[in-house]
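User: I'd like to learn how to read the empty spaces and backbone oddities in a model. Can you walk me through one?

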Amino acid sequence: MKVLLLGATGRVGSRLLPALVKHQHSVVVLVRSPNKLPPHASSHIAATITGSATDVATIKSAILDHNCDAVVNAAGLASMTSFGKQGDLTKIITAVAEAAAAAAKERGGPPLRCWFMSGWAMLDSPKPPAVIMDYAPLFPEHRKTFDVIKQYDAREQLTWSIFCASTLTPRFESASFPPAESCSVDNLVAKADSPPAWSSSWSGVPLIGTYLNIFTQAGNYKTPLEDSADFIAADLEKGLGSDFVGKRVGLKLKEKGI
Ligand SMILES: NC(=O)c1ccc[n+]([C@@H]2O[C@H](COP(=O)([O-])OP(=O)(O)OC[C@H]3O[C@@H](n4cnc5c(N)ncnc54)[C@H](OP(=O)(O)O)[C@@H]3O)[C@@H](O)[C@H]2O)c1
């Protein structure tokens with residue numbers, strides 16, 4: 001696909017870029033500071049646009065001018081709590097979604113395939129419709145991401161998926177082209193809307209059972225940054241036919257028996 005990537009200078013975006021290239025996507029990046037792109041990146045990028053991910057007009061032009069049919073947003077960073085200064089994440093998500101939906105409408109073709117980075121706590125808790133964040137209120141802006149994105153019809157307006165990542169741990173210090181062979185979607189198991197391989201341990205304990213259940217398993221959901229990037233890039237090969245369209249997506253490192 002022709003992919004517009006936002007946030008390519010960040011931790012996640014810098015790993016998404018080589019993963020997208022590895023999966024034969026043509027990548028257009030929209031960044032504030034092109035000089036912060038990873039070394040050797042420029043020869044792998046179809047076009048670089050300088051601008052803000054909060055600017056609907058810039059994002060829409062980038063999509064239309066370069067005929068992009070997918071968008072991956074890794075721009076912005078959620079604050080851990082609602083105290084203190086909040087960043088631009090909700091503004092960015094709102095702008096990217098609005099621009100992608102408007103571009104598809106103006107072009108008159110199918111909606112764009114879009115992945116939005118979000119957090120693990122936006123997956124279903126053991127007692128849906130409550131989400132994990134209802135029990136563990138960390139990185140609260142991710143809830144706003146879901147609130148904004150779910151307003152879009154996933155088949156008609158914006159073919160969205162929300163990547164609900166726990167801590168993303170780098171296998172390597174920096175991004176490389178191509179990524180190391182050990183970095184692969186094949187190392188992961190994925191599930192729509194709830195964490196994969198969830199166990200019911202502790203859930204029977206009165207009053208605090210669900211909290212214990214969530215907190216004892218949270219640490220199992222760290223995934224390697226590069227493998228997670230490979231997951232998104234591989235999924236984009238399926239285009240609008242992905243099983244994850246209109247879903248929040250949880251990932252886990254494969255273990256024996258999964
Ligand atoms: N890293 C993790 O372990 C992890 C885990 C779960 C979820 N996530 C989520 O994944 C997403 C990306 O996280 P990250 O760790 O990669 O964050 P990061 O390293 O701070 O990168 C953020 C990126 O957003 C860009 N950005 C911020 N505001 C922008 C704007 N107005 N216009 C254009 N670009 C803008 C930054 O560009 P500049 O270089 O110009 O500042 C940078 O490229 C976030 O939503 C985060 O909450 C991350």
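User: What volume does the largest pocket have?

Analyst: Start with the general idea: rolling a probe the size of a water molecule over the atoms shows where empty space is left. Here a 1 Å grid covers the protein atoms alone; a pocket is an open set of points with protein on both sides within 12 Å along at least five of seven lines, while a cavity is a set of points where a 1.4 Å probe fits but cannot get out. Points are joined across faces, edges and corners, and a volume is the space filled by probe spheres set on them. The largest pocket comes out at about 1200 Å³. Keep in mind that this is a predicted model, where local features need pLDDT of at least 70 and side-chain atom pairs 80 or more, while totals for chains, interfaces and linings use all residues. Residues are numbered from 1 along each chain as its sequence is written, and side-chain values use heavy atoms, with hydrogens and water left out.

User: How many residues line the largest pocket, and which lie nearest its centre?

Analyst: Lining residues have an atom within 4 Å of a point. There are 45 of them, with V12, G76, L77, A78 and H142 nearest the centre. Elements giving two or more residues are α1, β2 (26-31), α3, β5 and α5 (209-217); helices (H or I, at least four residues) and strands (E, at least two) are DSSP runs, numbered from the N terminus. The largest share, 3 residues, comes from β5.

User: Where does the ligand sit?

Analyst: In the largest pocket, going by the rule that more than half of its atoms lie within 2 Å of the grid points. A shell of 24 residues surrounds the ligand, the closest being T9, R11, V12, K36 and A53; to count, a residue needs a heavy atom within 4 Å. α1 (11-22), α3 (89-107) and β5 (112-119) each put at least two residues into that shell.

User: Which backbone atoms lie 2.8 Å and 2.9 Å from an oxygen atom of the ligand?

Analyst: Look for polar contacts, pairs of N or O atoms within 3.5 Å. A backbone N or O of G76 is 2.8 Å from a ligand oxygen, and one of L168 is 2.9 Å from a ligand oxygen. The side chain of H142 also offers an N or O atom, 3.4 Å from an oxygen of the ligand. Alone, the ligand exposes 910 Å², and the protein buries 85% of that (Shrake-Rupley method, 1.4 Å probe).

User: How many cavities are there of 30 Å³ or more?

Analyst: The count is 2. The largest has a volume of about 90 Å³. Its 13 lining residues include R15, P18, S176, P179 and E226, the closest to its centre. The second largest is about 30 Å³, and its lining includes V12, M117, L168 and I232. α6 gives the most to that second lining, 4 residues.

User: What should I check along the backbone?

Analyst: Most residues other than glycine have a negative phi, and most peptide bonds are trans. In this model, a cis peptide bond joins P128 and P129, with omega about 15°; P129 is in the loop between β5 and α4 (141-149). Another cis bond links F177 to P178, with omega about -10°, and P178 belongs to the loop between β7 (168-169) and β8 (188-192). For phi, see H40: the value is positive, near 70°, and H40 lies in the loop between β2 and β3 (47-50).

Definitions and conventions
A polar contact is a pair of N or O atoms within 3.5 Å; within protein, one must be able to donate a hydrogen and the other to accept it, and residues adjacent in sequence count only if both atoms are side-chain atoms.
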